[in-house]
Amino acid sequence: MSDSMRTVIFGGSTGIGKAIASALSHRGGDVFSLGRSNGIDVASAASIEEWFLANGEVDHVIFTAGSQAPAGMVTGLDIDAAKAAFDVKFWGAVRVAQTAAKYIRSGGTLTFTSGFLARKTVPGTFVKTTMNAALEAGVKILARELAPVRVNIVSPGLTDTEAYSGMAASDREQMFASAAKALPVGRVASPKDVAKGYLFVIECDSVTGAVIDIDGGALVS
């Protein structure tokens with residue numbers, strides 16, 4: 001990768017985004033990790049626009065910003081909480097796409113993040129499933145509309161990140177151990193594992209409109 005390459009990661013301060021930033025930092029160029037901790041709110045179009053106006057063109061834009069999607073059956077769903085989750089992850093991704101499209105250099109990429117629940121039928125995950133499925137469908141349209149910018153999406157399975165730090169350590173370990181037994185690869189992914197998917201779509205010039213599954217085989221188990 002070139003020392004002049006510029007990459008911006010929305011949601012780059014924790015979890016998968018942080019792992020991507022770390023991997024890219026060893027390959028040269030500038031890496032900007034953005035999030036609420038440094039004043040960037042993907043729920044605000046103005047916040048996104050201000051950053052790009054101040055920083056100019058980039059080569060690669062990665063969106064890993066997530067949301068706390070409510071779980072549970074549809075009959076008991078908190079619609080307001082569901083809307084808030086969509087506003088961050090789905091509409092936040094759309095806001096970034098609208099603005100970033102004006103600033104990504106020729107040959108650049110725009111990469112989003114979904115999750116294996118987009119295509120795995122699990123009762124009680126209506127919001128996560130529909131939100132991620134919507135992103136995956138939208139990426140294929142964007143790959144046509146924004147060409148020659150390449151647009152892709154990485155779909156992780158259960159990943160050992162800070163997202164589960166609120167659980168008791170014993171419960172978290174039990175959850176990961178149980179999941180590992182059910183996966184063909186026999187292990188739960190680390191953020192570093194998932195980060196490799198983002199590096200792949202940046203480096204492979206023939207990939208666009210693709211969903212990159214890094215789920216340990218969850219979709220076939």
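Let's start with strands β3 and β4: β3 (residues 58-63) runs parallel to β4, and the two are joined over four bridges. This is a predicted model, so keep that in mind as you look around. For a landmark on the β3 side, find V61, whose bridge partner in β4 is L110. Between the two strands comes helix α3 (residues 79-100), and together β3, α3 and β4 make a β-α-β unit that is right-handed.

Now stay with β4, which covers residues 104-113. Seven of its 10 residues are buried, which leaves the strand mostly covered. β4 also pairs with β5 (residues 150-156), again in the parallel sense, this time over five bridges. Here you can look for T109, which stands opposite R150 in β5.

Next, the aromatic rings. A search of the whole structure turns up eight aromatic pairs. One of them is W51 with F52, an edge-to-face pair with 5.1 Å from centre to centre and 90 degrees between the planes. Is W51 buried or exposed? W51 counts as buried because its relative accessibility is 9%, and the cut-off for buried is under 20%. F52 counts as buried too, because its relative accessibility is 0%.

F52 has another partner: with Y103 it forms a stacked pair, 5.1 Å centre to centre and 20 degrees between the planes. This pair links distant parts of the chain, since F52 sits in helix α2 (residues 45-55) and Y103 in the loop between α3 and β4, 51 residues apart. Both F52 and Y103 are buried. Zoom out a little and you'll find F10, F32, W51, F52 and Y103 in one aromatic cluster.

Finally, the empty space. The largest pocket holds about 1500 Å³. It is lined by 49 residues, and those closest to its centre are G66, S67, K89, T161 and A163. Helices α1 (15-25), α3, α4 (126-145) and α5 (169-182) each supply at least two lining residues, with α3 giving the most, four. The lining is a mix of 23 nonpolar, 19 polar and seven charged residues.

The second largest pocket holds about 180 Å³. Its lining has 14 residues, and A93, V94, A97, G138 and L142 are the closest to its centre. The elements giving two or more residues here are α3 and α4, and α4 gives the most, with six. What is this lining made of? It has 12 nonpolar residues, two polar ones and no charged ones.

Definitions and conventions. Residues are numbered from 1 along each chain as its sequence is written. This is a predicted model: local features need pLDDT of at least 70, side-chain atom pairs count only at pLDDT 80 or more; totals for chains, interfaces and linings use all residues. Side-chain values use heavy atoms; hydrogens and water are left out. Buried means under 20% relative accessible area, exposed over 50%, partly exposed in between (1.4 Å probe, protein chains only). Two strands pair if DSSP finds at least two bridges between them. A crossover is right-handed if, with the strands pointing away from the viewer, the path from the first strand over the helix to the second runs clockwise. Rings of Phe, Tyr and Trp (its six-membered ring) pair if their centres lie within 6.5 Å; planes under 30 degrees apart count as stacked, over 60 as edge-to-face and the rest as tilted. On a 1 Å grid over the protein atoms alone, a cavity is a set of points where a 1.4 Å probe fits but cannot get out, and a pocket is an open set with protein on both sides within 12 Å along at least five of seven lines; lining residues have an atom within 4 Å of a point. Grid points are joined across faces, edges and corners, and a volume is the space filled by probe spheres set on the points. Ala, Val, Leu, Ile, Met, Phe, Trp, Tyr, Cys and Pro count as nonpolar, Asp, Glu, Lys and Arg as charged, and the others, Gly among them, as polar.
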